[in-house]
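Biologist: Before we turn to single residues, could you walk me through how to read a model such as this one, starting from the overall fold and working towards the side chains?

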Amino acid sequence: MLVARSVSLFVVAALLEIGGAWLVWQGVREHRGWAWIGAGVIALGAYGFVATLQPDAQFGRILAAYGGVFVAGSLAWGMVADGYRPDRYDVAGALICLAGVAVIMYAPRGR
């Protein structure tokens, strides 16, 4: 159950961080305005809060593992929001990152 909760929190965090950064990008680079930028800033702040809800208490471990989720999530976001088509190296790199997430967060440890 803790793994499912942790994975869910990583997904929510990725949606907030990547979505927030995308909103800021749209506001600034695509000239959509301050409302988009403001929504992005709020989403980025919410991402920081969601990250604290992870069951593991080690900040460094959580942030390191989240990096892999961010990489894979960013490629997926680009596919959905911007029509980006990753090549096989993008996919391979994302899978390697997700394998790293699994090792960092969910490998059995003697505590």
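**Reading the fold and its details**

Modeller: The protein chain contains 4 helices and 0 strands, and its order along the sequence is α-α-α-α. Please keep in mind throughout that this is a predicted model, and that the values we discuss are computed from it.

Biologist: What does the C-alpha trace of the protein chain span along its principal axes?

Modeller: The C-alpha trace of the protein chain spans about 50 × 35 × 20 Å along those axes. The accessible surface of the chain comes to about 7000 Å², and 71% of this belongs to carbon and sulfur atoms. Of the 111 residues in the protein chain, 27% are buried.

Biologist: And how should I read the contacts between residues that are separated in sequence?

Modeller: One begins with contacts between residues at least 6 apart in sequence, and in this protein chain 66% of those join residues at least 24 apart. A single pair makes the idea concrete: Val3, in helix α1, and Tyr106 are 103 residues apart along the chain, yet their C-alpha atoms are separated by 7.3 Å. Val3 itself counts as partly exposed, with a relative accessibility of 45%.

Biologist: Which residue is 75 residues apart in sequence from Ala35, and how far apart are the two in space?

Modeller: That residue is Gly110, and the distance from Ala35, C-alpha to C-alpha, is 48 Å. Ala35 belongs to helix α2 and, at 62% relative accessibility, counts as exposed.

Biologist: Is Gly78 buried or exposed, and what is it in contact with beyond its neighbours in sequence?

Modeller: Buried is defined as under 20% relative accessible area, so Gly78, at 10%, counts as buried. Gly78 lies in helix α3 and, once its neighbours within four places in sequence are left aside, is in contact with Gly83 and Tyr84. The C-alpha atom of Gly78 is also separated by 9.5 Å from that of Trp22, a residue 56 places away along the chain.

Biologist: Let us turn to the aromatic side chains. How many aromatic pairs are there?

Modeller: The count comes to 5 aromatic pairs, where ring centres must lie within 6.5 Å of each other. In one of them, Tyr66 and Phe70, the ring centres are 6.3 Å apart and the planes stand at 55°, so the pair is tilted.

Biologist: Where do Tyr66 and Phe70 lie, and is each of them buried or exposed?

Modeller: Both residues are in helix α3, which covers residues 59–82, and they are 4 residues apart, about one turn of the helix. Tyr66 is buried, having a relative accessible area of 5%, whereas Phe70 counts as partly exposed at 32% relative accessibility. Together with Phe10 and Tyr47, Tyr66 and Phe70 form one aromatic cluster.

Biologist: Which charged residue sits over the ring of Trp36?

Modeller: It is Arg32, whose charged end sits over that ring at 4.8 Å from the ring centre. For the protein chain as a whole, one can compare the mean position of the 8 positive charges with that of the 6 negative ones, and these two positions are 8 Å apart.

Biologist: My last topic is the backbone. Which residue has a positive phi although it is not a glycine, and where does it lie?

Modeller: His31 is such a residue, with a phi of about 55°, and it lies in the loop between α1, residues 2–29, and α2, residues 34–51. To judge its surroundings one looks at accessibility, where exposed means over 50% relative accessible area; His31, with 70%, is therefore exposed.

Conventions:
Residues numbered from 1 in each chain as written. Predicted model: local features only at pLDDT ≥ 70, side-chain atom pairs only at ≥ 80, totals over all residues. Heavy atoms only, no water. Phe/Tyr/Trp six-rings, centres within 6.5 Å; stacked < 30°, edge-to-face > 60°. Helix = DSSP H or I, 4+ residues; strand = E, 2+ residues; numbered from the N terminus. Buried < 20%, exposed > 50% of the residue type's maximum accessible area, 1.4 Å probe, protein only. Lys NZ or Arg CZ within 6 Å of the ring centre and 35° of its normal. Contact = heavy atoms within 4.5 Å. Areas by Shrake-Rupley, 256 points an atom, 1.4 Å probe, with all protein chains shown as cover. Lys, Arg positive; Asp, Glu negative; His and termini not counted. Charge placed at Lys NZ, Arg CZ, Asp CG, Glu CD.
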